[in-house]
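Reader: Please choose one part of this model and look at it closely, explaining each term as it comes up. I would like a connected account rather than a list.

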Amino acid sequence: MSGKTASIDENSSAAELNQPQRYSPAEIEPKWQALWDADASLYAAEGHDSGKPKYYCLEMLPYPSGKLHMGHVRNYAIGDALARHMWMRGFNVLHPMGWDAFGLPAENAALKNGVPPREWTLSNIAAMRKQMQRMGYSYDWATEVTTCLPDYYRWNQWFFLKMFEKGLAYRKKSKVNWCPDCQTVLANEQVIGGRCWRHEDTVVEQRDLTQWFLRITKYADELLDGLEKLQGWPEKVRTMQRNWIGRSEGAHVDFAVVSSQGSDATPLKITVFTTRVDTIFGATSVQLAPEHAVSKAFALEDDALRVQIEELLEQQKKARETDALGAIEKHGVFTGRFAVNPFNGERVPIWVANYILADYGTGAIMSVPAHDERDFEFAQKYGLPVRRVIAPVVDTKSAAGSDANDLVLPYLAEKEAVLIDSGEWTGLGCVAAQEEMAAFAKAKGFGTPTVTYRLKDWGVSRQRYWGTPIPMVYCDKCSPGEPLPVAESELPILLPEQIDITQTNGSPLGRVPEFVNAKCPKCGGVARRETDTMDTFVDSSWYFYRYTDAKNSAAPFDSDKANYWFPIDQYIGGVEHAILHLIYSRFWTKVMRDLGLVKNDEPAERLFTQGMVIKDGAKMSKSKGNVVSPDLMIERYGADATRMYSLFAAPPDRDLEWQEEGVAGISRFLSKVYRLTMKFSSVARAKGVATGPKDQALLRRLHQTIAKITQDFDGRWHFNTSISSIMILVNEITANEAAMDAGEVSPAAVAEVFRGLILMLAPFAPFFAAEMWEQLGGEGVVFRTAWPVVDEELAREAEAEIPVQVNGKLVTVVKVPVGSDEATVKAAALADPKVIARIEGKMVVKVIVVPGKLVNLVVK
């Protein structure tokens, strides 16, 4: 070869040259899947003493509806790529999967098809697990959790008993959200725009029922304050939770109702909550919700008023149905009654208004039109007085009591504002006045400083069959009307297997004597079991802890194991779970911490909310009828092309517009890599040192690609640009194919480039990478091989492209060695033919060189 680098032809046997160059995922993928399925340890996390840093990578568990669609594929492909990458970076990775398996769809299927919910659910789980395995997801199935099985839901019951013991689970009669379609109660968080979260066209009704609640409000401040620590969560999610918790500091103030003439009834009072007690001297009415107790009391005394209040309530209900409460046209009715402002003794009229909600605050407000937009609008409509009692600090004339109507109303300022016409508090700053006046109300016995929350206790009772039975009983003999907890030794309280599913007359469990009839844990007599089941969000509030010790039959999990893995390093799921699942799981973590089970305050260190997959202008979903099955895509293009497309088509946090042609394009790209890898597989097994100029150009592109993808995994997860950079590297390889054929690129360089290429493809296309790694003679499992390390020196460009301008207009781009001094860059610019032609016959007045950026010639 006389010093010449060996070519592929000189290093390949006839058999190797005759190898097929066609990429066939239908042959490659089942081969590797069978091998991986046979190795139970392949995706298993190592022991806590592995010496490696831990990494808990988790995608939100799915509801087993029957089949995966491309929305699921995208979510799981993101987590799978991350898990594989972290294995390659030397981490001890936990990457589990399970099933949020209780819920209404199973009951609906039982009604429609006559298949028992358990059978329907487990059949769907088997089908979806098979799909996930065919996609090649790297889940450790030994840690699988299925929430509808007794070995899981017994711990839901155990937690419930612990919460009952701590006063966190309690029962009360309450106005609840009732979905006529679900035939069950919904939590406040499950009502979206006045409609059921599952049935978007079903208006939610209000009913009075005795329900079980979890006292999430006890943790309201901690849930709010903890958001500041969750810097790895999207700001959008934190803002949504902050708004949902809705902390407001203010005061409760009692307005005594003036008794009607001749009445000897117990005096009534109206308690209002206000965040602006400093404006109370400007209150010109008190307004009540139509369902407020005082409204109802007045209605009983006045039939005409009752009819008007019922009309206001109907308007409110219609606004709920159309999600228009915030923009409701305000209507009200004067009750003919008055209440006394306790700060100044003034009698103010009592109104009932349709925009005041019974379940918000106290269901009553003091109306201060001069300093509140809604109150001002209402006062203008009904001719109520508008009295200004707040003025800017600089408004000395107003502060002195004259010229008080100069400012445009309503005037809403709080800081840099003072009270006017407010008795002894006149001249005091608003913020200081709020504190002093609330304290005054407390001292006088007609009010108290108060913090309120929009967050309400979590109603967990559901009148359904397919959920966790609540472990409580009722004994008329020893504890009439009071619930009693079952003994822990009785857990799990099992769901009966055979049951008549209906959607009428309450819980189906109430019609199963074998379930209902129980023994009283206190007196041993006859007792009745609770027939409500738990909200299915209970199941998903702690499932990720069970993954750490999924087979434990003595406890929910071993605390040492949970404390090793938690908090979750990366949690991945949809932003639609920002309020429901994510706030409940934060609550549950804090309860478990206080029970001594875990040490962490928050379940997840970082949260990523992926974008949706869009098809035909709508989110891909079964209800929209626009689902694309991954099975079909696998059949046509293979699992690797399917999942790789879902990562390439858009940044993971953005919506992806589904285009099947994009999957075909990825398949063609993989075919190209396959052809090149197979062609150079023998040369790529070589060892040695790359030294030639063509070697350096190829290796520079390789190491630039390694740097880019490593940075993407460590940063914003722009997997679309990661895959794009791999495509650029492959184009560079293709451009050098003739040189490699001719032996102008050393075998050592070919080996390094192809090995690096396949290792970088491993997180995105694991089946393909495994096959190519084998062809390259790579040892071990490709995605357990060390991630390639970037050589910063090699990655640095040898030449820099410098734009050259003449009088600010771009003329050309010159190439100079990286790091060139100003004189070199200037000389290169002045020597460029295009620059010479542009400045011919002109005087160069000045040459401005911005190092590494541009050259600008000023000529005249």
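Author: What follows takes one pocket and then a helix pair that shares an element with its lining. The model is predicted, so local features are reported only at pLDDT of at least 70 and side-chain atom pairs only at pLDDT 80 or more, while totals for chains, interfaces and linings use all residues. Residues are numbered from 1 along each chain as its sequence is written, and side-chain values use heavy atoms, without hydrogens or water.

The chain is divided, by an automatic or database assignment, into domain 1 (2–14 + 625–795), domain 2 (40–147 + 538–610), domain 3 (158–215 + 457–534), domain 4 (248–452) and domain 5 (799–859). The second largest pocket (an open set of points on a 1 Å grid over the protein atoms alone, where a 1.4 Å probe fits, with protein on both sides within 12 Å along at least five of seven lines) lies between domain 1 and domain 2, because both give residues to its lining. Its volume, the space filled by probe spheres set on the points, is about 400 Å³.

The lining of this pocket (residues with an atom within 4 Å of a point) comprises 21 residues, and Gln 570, Phe 608, Gly 715, Arg 716 and Trp 717 lie nearest the centre. Two or more lining residues come from each of α3 (70–88), β27 (607–609) and α21, where helices are DSSP runs (H or I) of at least four residues and strands (E) of at least two. By class, nine lining residues are nonpolar, six polar and six charged, with Asp, Glu, Lys and Arg as charged, Ala, Val, Leu, Ile, Met, Phe, Trp, Tyr, Cys and Pro as nonpolar, and the others, Gly among them, as polar.

Helix α21 (residues 693–714), one of the elements of that lining, also packs against helix α22 (residues 719–735), at an angle of about 170° and with the axes 9 Å apart. The two helices are therefore roughly antiparallel, that is, over 145 on a scale from 0 to 180 degrees between N-to-C directions. Among the residues in contact (heavy atoms within 4.5 Å) are Leu 698, Arg 701, Leu 702, Thr 705, Ile 709 and Phe 713 of α21, together with Phe 719, Ser 722, Ile 726, Leu 729, Glu 732 and Ile 733 of α22. Taken by class, this contact of α21 with α22 has 10 nonpolar, four polar and four charged residues.

Technical notes
Angles under 35 degrees count as roughly parallel, over 145 as roughly antiparallel, 65 to 115 as roughly perpendicular and the rest as oblique.
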